[in-house]
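These are my notes on the structure, set out as numbered points. Please read them alongside the sequence and coordinates.

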Amino acid sequence: MALVVAAAVVARLAVGRARRGRRAPGGPVPPGPVPPGPGGGPSTGPARGPLGLATLARASQQAVEATLGVVGLIAMREVKERVRGRIFRLGTLFMLLAVGAAIVVPTLGSGHGPARQVVGVVGPLPVRGQQLVRAAASRDHDAVSLVPEPGLAEARSALRSGRVGFVIVDGDQILVERPVSSSGSPADPALVRDVATYLGVLEAYRQAGLSARQVSVLDGARPVAVRALEASSKAPERATSVIGLVLLFFMLTQYNTWILIGVMQEKSSRVVEVLLATVRPLQLLGGKVLGIGLVALGQAGLIAGFSVVVAEAVGSNLLRGMGALVLLSELLWLVLGYAFYCWAYAAAGSTAERQDQVQSLALPLSLPVLLGYIYSIAVASSGNADLLFKVLAYLPPTAPFCMSVLVSLHQATWWEFTASALVSLAGTVAMAVLAANIYRRAVLRTGARVHLRDVLARAPR
Amino acid sequence: MSALLELVGLRRRFGSLVALDDLSFEVPAGQVVGFLGPNGAGKTTAMRAIFGLTDLDAGVVRWDGAPVGPAERRRFGYMPEERGLYPGMKVGEQVEYLGRLHGLSPAAAAAATGAWLERLGIADRRDSKVEALSHGNQQRAQLSAALVHGPEVLVLDEPLSGLDPAGMDAIGQVLVDQARSGCCVLFSSHQLDQVEDLCERVTIIDHGRLVASGTVDELAAAGPRRLVVRIEGERTGQWARGLPGVTVSEVAGGAARLVLDDSVDSDVVLRAAMAVGRVTQFSFQRRRLSEVFREALH
């Protein structure tokens, strides 16, 4: 959101949006045929045929350019150049594979058993019994289907062939191929235990001769609240948080480095001089951070969507309950973190002209990122957030990591989260103003590396 | 009245170095103006000032009577001394992109890009990356980028440097054609012969100050008289060195090129020459631009 806000500010400040279709009034004509009007060019007409990704991408590009003018043009050039790069494509593929593995692997041989359970039923199983089986499956995150079996012999055969995980016989027995605790059992041990317990309770109700109302009251029983002094280290949202932190660190580092190197390369190739003869420094800077930010957001969105699909497909509990909230929180903090750091990296890039200068500039900027990341991983693993960590959750350089972890530990209320986001937004605005000043003064100064004291003083361009 | 680019009272100091020192001159539309000066004279700083690429301590740049701002600059074309294009971007895409930044529609930018690449002889490199082009072709791509939006003012910093004679002629002809179609063309160069051929006007600066400005004809006709004397059997010009008010500027191809003070009677020179041998050439000539340049800097 901060990125969008910052882009909007840039767009507002950027006077002189592209006037579509304008030719320089009175200017000399280029050689050859007179350029056709908007939409009339042979190479730029709208794509024909069914709506596809290319059409969608073109429509998005035109929308950004039309909305933000010159800033949008600059942003879309960045998007095209970055997405076209092999590094981006391979990096995205690698991250998708890594995230997919992080979600799938814990569901393999983790003791939860298969996610989909086929349950054979021999003899009668009352509706109430069927409801209990489904309730147990839901509790254990299994998808269950009940399959009637004609007789015990067929049920045994189905068990041996693996067609069913276990069998309920006459509503009061459970048949499994081998003990559920043994390895290789197709039955989910937790589900078998829960179904056995539920059916046992149902049988007890019957024997006790309870009325329908009494049974209903008992059914409505809910466990009392269990409060732990320390959160469980095995809570799924904690694992989600750690995976998210790794991605957040990777993406923040990658995209901010792109900004740093991109600005440096524009300066060293002198293309910045041609660009700034046409557009304002703030437009150029805003377009670049917006473009790279859109790529980051797109990549993060793709990974998040992919994670949800994979998690759903394999029955992972990483994104259930609080896990989804943690994912959303980390997406938001990716945007806020990028919005804060991108300006600092851009300003640093504008003072450098060579690769070795970039490395020495990147190091101090990456220290708060590293601090926040390492500290957050430690806290997410231990579950212990101390006072210093909570303070860091309100400072823009470390908040993207620390506040996400507090969310996963259930130690941040909505207003604390909002307060931290607002502080981050305020820090972003301050950083953007400072960075724009440094950029404007440094990016056209070539030769030796420009030092901050030179540009922060009354410094000529 | 045709439009005019005016640089008025420009001052710029970098620490103790004075880059521009109350510099003023004009570039009329429809003319090619050569911008000359020794290295470090302030040419590049003055050109960057037109585009707001350097802060000015004082002075103003006007176009058509009004101070130049961002909106005006989008109608200008600029080719910096240190060429600037994205090395890894395709030539066609890059020129189109710059056309769009100058306000062209996608279709107009694509058409103008094709036309200019064709005109400058690099249409077949449209899909090549800039870094894959030769120096001369990069120069052409850069010029295409400066021209793609049909600028009203074209400012080129050393557009001819590093080009072979054919390249110089091709780019020179583009500059002349642009001026003929009403563009205001200012370019700097050290190729004085080319400047003399291409320009109607010349502006010469040194140490950030204007030292000479005018049409090529005016500048050539001004100053001391030039006399070329050729004598059979005499190839050193030594005979003229002792004559009062006469300076031997050069001896080339057996002919001595003399610079005469206002007080010198050319008949005296002729008699001195005849005393040495048979005179086969005795003619007054205009100042060459190189002479204008050298004398302006003295």
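1. A disulfide is taken here as a pair of cysteine sulfur atoms within 2.5 Å. By that cut-off this predicted model holds zero disulfides over all chains. A:C402 illustrates the point: its closest cysteine sulfur, in A:C342, lies 20 Å away, so the distance is too great for a bond. A:C402 is also buried, at 0% relative accessibility.

2. What of B:C184, and how far away is the nearest cysteine sulfur? That sulfur belongs to B:C183 and is 6.6 Å away, and B:C184 is in no disulfide. With a relative accessible area of 1%, B:C184 counts as buried.

3. Confidence in chain A needs a comment. The mean pLDDT of chain A is 78, and 79% of its residues reach 70 or more. Over residues 1–29 of chain A, however, pLDDT stays under 50, although the model has 73 contacts beyond four places in sequence for this stretch. Residues 32–50 of chain A also have a pLDDT below 50, and that stretch has 25 contacts in the model beyond near neighbours in sequence.

4. The second largest pocket holds about 830 Å³ of space. Its lining is made up of 24 residues, and those nearest the pocket centre are A:E81, A:R82, A:G85, A:Q265 and B:G88. Two or more lining residues come from each of helix 2 (53–84), helix 3 (86–104) and helix 8 (236–268) of chain A. Which element gives the most to this lining? Helix 8 of chain A does, with six residues.

5. On the chemistry of that pocket, the lining residues of the second largest pocket comprise eleven charged, seven nonpolar and six polar. Among the residues nearest its centre are A:E81 and A:R82.

6. Two backbone angles in chain B deserve a look. Most residues other than glycine have a negative phi. B:D64 has a positive phi, near 60 degrees, and is not a glycine. B:D64 sits in the loop between strand 4 (58–63) and strand 5 (66–67) of chain B. Its relative accessibility is 54%, so B:D64 counts as exposed.

7. The other angle is at B:H207, where phi is positive at about 50 degrees although the residue is not a glycine. B:H207 is placed in the loop that runs between strand 9 (201–206) and strand 10 (209–215) of chain B.

Conventions
Residues numbered from 1 in each chain as written. Chains lettered and ligands numbered in written order. Predicted model: local features only at pLDDT ≥ 70, side-chain atom pairs only at ≥ 80, totals over all residues. Heavy atoms only, no water. pLDDT = per-residue confidence, 0-100. Contact = heavy atoms within 4.5 Å. Buried < 20%, exposed > 50% of the residue type's maximum accessible area, 1.4 Å probe, protein only. 1 Å grid on protein atoms, 1.4 Å probe; cavity = no way out; pocket = protein on both sides within 12 Å on 5 of 7 lines; lining within 4 Å. Points joined across faces, edges and corners; volume = space filled by probe spheres on them. Helix = DSSP H or I, 4+ residues; strand = E, 2+ residues; numbered from the N terminus. Nonpolar A, V, L, I, M, F, W, Y, C, P; charged D, E, K, R; others polar.
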